[in-house]
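Visitor: Could you take me through the backbone of this one, up close? I'd like to see the spots where the peptide bonds and phi angles go off the usual track.

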Amino acid sequence: MNVPYSWLKELVDFSWSPEELANRLTLAGAETEAERLTDIPFDNIVIGRVEEISKVPGSDHLTLATVFDGREKLAVVCGAPNVAAGQNIILAKIGAELKGGFKIKKAKLRGVESFGMICSERELGISDDHSGIMVLEDSFSLGAPAFEAIGLDDHVLSLDLTPNRADLLSVMGVARDVACLAGSKIKYPTYMLEEVRDEAAKFIKIDIADPEACPRYAARVIRNIKIGPSPWWIKRKLLLCGIRPINNVVDITNLVMMEIGHPLHAFDYDRFLRKEILVRRAQEGEKFATLDGKEHVLTPEVLLITDGEKGVACGGVMGGQESEVSDKTTTVLLESAYFNAPTVRRSRQKLGLITEASIRFEKGCDPNAVEKALDRAAYLLGEYTGGEILNGVVDCYPNKKYPVVIKVRPERVNAVLGTDIPKSRMVEILQNIEYGIKDRGHLEVTVPTFAVDVTREIDVIEEIVRLEGYDAVPTRDKNKGPLFSPYPEDEQFCDNIRRILTAQGYDEIYSGGMADKKLLEQVSGAQPAVEILNPIADDLTVMENTILFTLLKSAGHNIAHRNVDLKLFVIGKIYKPGAPPLEEEEIGILVTGKGEDTWYNRGASLGFHDLKGAVEAFLGWNRITVKGYEPAARPALDAAESMAILGADGELGYIGAVGENIARLFDVKQKLWVAVISFNKARRGIGPVKPYQPLPKYPAAPRDLAVVVDEKVRAGELLDKISKEGGSLLESVSIFDLFRGKQIGDGKKSLAFSMVYRSPERSLEAEEVNALHQKIAESLKEGFGADIREA
Amino acid sequence: MSGIGDVHRILAEALAAVGSAQSRPELEAIGVKYIGRKGEITSVLKTLKDLPLEERKAFGAAANEAKVKLETAIAEAVQKFAGPALDPTFDPTLPGIVHRLGAIHPINKTMGQIVDSFQRMGFAIAKGPDIETEYYNFEGLNFPPDHPARDMQDTFYVEGGLLLRTHTTPVQVRTLEKVKPPVKCITPGKTFRNEAISTRAYYVFHQVDGFLVDEGVTMADLKGCLVAFCRDFFGEKLKLRFRPSYFPFTEPSAEVDISCFLCNGKGCQLCKFAGWLEILGCGMIDPNVLAKVGYDSEKYTGYAFGMGVERIALLKYMVKDIRLLYENDIRFIRQFL
């Protein structure tokens, strides 16, 4: 909503600068900015008159104008199609600077010298209109500084309105708040309406078939009007509001809408087939052309104003093309109606239109402003079109809307706000915004019908505090509510996962939740996904059903940007269709490329064992048991390197290498290793905190064992065997070397184990340990054909 | 014009200072004071060119000598404060051996900090589904059907008449339905809006909403809570500004601006020269919302607030393009170690 500063000044006495006024309005609930109408400097821009014109030789569109600026005649070349002798215009002389920093200098066009420029509105920065030069009335004195002379040396306040502030959709509405803030009163315009004797009711009959959608429809008839341009004062106000002037009739309806906030529509009365108004729902398939030239096929959702035969307007949205006011119009039917907000909302959604009228009706207009707007516009039409106003308003208002009366308890106001505002101050504020007050102990507040959003005591409380200022509410720093709130276990688990994985050098990525349907189908193996009915982009059409998608997409993005060594993890939601849809969290981890090269270490290539280490680190730290891994195929993984991760109660997730064809979908050619773990399954596996183990009293006996086995023998099998044979005296076993090489032969590997023997009850004898160690070595020889290298 | 006597006096003064210096930095300062680029002896040397030749010779020699003496004295004195001589094969300047740490994503990092702040004020954490019903996302929060307030939040719809929640406020309704007052919760989580992707907007973002319902909760309590949070999060000296606003589920409603933490409200690029940064929305819970969950809105009042995690992260880290938060580029993420 754009409100000219000068217009507010006409209506209210206040002394604030435009910037200060904007700040006051912002703090009273409407975010407001004040800007000069145009940002160009005013120097060397004056009123001039085109004395004579001639063609510029050799050009089909340039005109040489002789312009008188009050003192001298200047030759000015002009390219506008509408330049003509006798026009008063705005002349930018040499030294002026127009919109976009365009500087006026002496110029030569087609060999003709030019000493200035005749300006369009766009060049002056006052609108986007560049269809021709701006032509003024004759009343301005030649040579006068133009902006001051025509009253455009002004500021415009732009208000960013929240949906509850329909009352600010007019200059008068804003003035009402300004008056309250400034402690003054609005000076309402006064006028005398002169009507001719003929009764309007004889010329038009009004019927409403759907009084819920259209509770009120009123009209006046004005005849013998002469269509022409509006006087400058009307054009000026519209320009300042950002509305393009069209002709006197249309401009007056727009002016009154800006002034009072009630939309009006002017019909060409002679285009009505029947001299009546029937407000009804459109029929299914009914055709209608709006005045912007668009053809619509309607449905009963659209409220149609008809002349009893055919549509003439879509109620509250836009008038029809056929009954539009034109140069030939002589009799105008002026509509001032009140349409129900949801009806207008559905109509304009159906039509795909948003208009100044629909914005106002949708947010809520004042049914009791209908007549005021009608009379004001009729008066102006009488003054500025020469029209005769027929006697009376034809008004169909089946269910009159009365002002709401609300009981407001001053003590409740202070109880909600935590304030100490005296009752007298509450009364003052409310009276300043034209609320009626009766003091009956509590306040009986009569809410004016323009305050459409105020229906309850709490709404009145908001009005009071808004205008008193939120600074009036103290800052109370006593804690309220429960003494203690626990930190949920899920949150703790998340924190712990993050803590461990970042400590392991994994960077956390983020899952946006949406995916490309086709791509996701390939990654998930065509698992069903939740579809978005109104997607924002072609590649964001379904909800992610596996966190693997985020891992692959991020790897793709990073590798494309040459970040080829990655250790990533994500904790993200996945979604599966159902009633209700299933939402659960997954933990995804990915490694690819190699570790960092340092002066002490060459970065090794990252692979399965890095990932396994990360998985076991975060699960182990959270006391979640990993029992083992078993081969299990997954749609996106390479079958030869794909395993299920087994927990105490079944599968926790999977781990493996991404299939080459899948990686290619994300433009990745390098090998990607991924692990995906169900958050809930892992979380359920969190074991109890174990009691402490007493520290050992007796010495440990360490022994090493190196064996050569066939490549196909798994290290885990050997470890299991060693543990089993070692029994209770074997405290721990670990692998400290793995070696493959010519010395031990093809298809063989050497594994070296480090064992610690200990008894909790006594010191072990060397012979006893050696015998047990030997027994273990023998068992590996027997069980796996191991060649004992060192024992 | 200084004479040779002055040079001697300055030198004596400098040597005395060297004698009483207690540390290396002190000695370095003495060097700067007397024989640095703008030092006292250096300045004397610079005036030489204006002197007659004879004087210039004598004076120049004295000043040069003073300079050398002082340099030597300082060099000797520095030895006093030097540590033991190092083994040449021991190079302490090689980088330390470290296992590179991973970074937490800035959204989660910021969200964690916000949650932590409210946790310390006694707020519990409540969560709800991302795929919501029309009721919890809108009706239950006093968004009437066919009301322009619906346009404030462009919504994604999915099958089954469901939608992707446009804010985490539905969790407020879900929580209030389940528990009895007093109730004090924050509801961190993911939200979605069908808005064109730009440097300032993305289709998914995060919110931390919060609410308190009890007997006698006032707007003054709301201000107290948010002042405490903003100062905890952005700094002690922060100023707050509460402006009237509109949300269907609160009344009265407010937007909260903080004084720009970069320029302290003087006006800079970050705050677009306004001196204020819009940081969150809040208000007293609308009686309609309380009534819908079966609370007696005469007896109980409550406040609610909500903030965008991304907005706060962008401000805090001065990131100009929100899309960087979602690209998962590790060169970006690793800056948040």
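Guide: Happy to, and let's begin in chain B: P252(B) sits in strand β8, which covers residues 250-259. The bond leading into that proline, from E251(B) to P252(B), is cis, with omega at about -5°. Bear in mind as you look that this is a predicted model.

Now hop over to chain A for another one. A579(A) and P580(A) are joined by a cis peptide bond too, and omega there is near -5°. P580(A) lies in a loop, the stretch between β33 (566-576) and β34 (582-592) of chain A. As background, most peptide bonds are trans, and most residues other than glycine have a negative phi.

That brings us to phi. Stay in chain A and find R110(A), a non-glycine residue whose phi is positive, near 50°. R110(A) belongs to the loop that links β9 (107-109) with β10 (112-114). How about its surroundings? R110(A) has 12 C-beta neighbours inside 10 Å, so it counts as exposed; the cut-off for exposed is 12 or fewer.

Back in chain B, look at N328(B), which isn't glycine either and has a positive phi near 60°. You'll find N328(B) in the loop between two helices, α10 (309-317) and α11 (330-333). Here the neighbour count is 27 C-beta atoms inside 10 Å, and therefore N328(B) counts as buried, the cut-off for that being 20 or more.

To put the two positive-phi residues side by side: R110(A) is exposed, whereas N328(B) is buried.

Definitions and conventions:
Residues numbered from 1 in each chain as written. Chains lettered and ligands numbered in written order. Predicted model: local features only at pLDDT ≥ 70, side-chain atom pairs only at ≥ 80, totals over all residues. Helix = DSSP H or I, 4+ residues; strand = E, 2+ residues; numbered from the N terminus.
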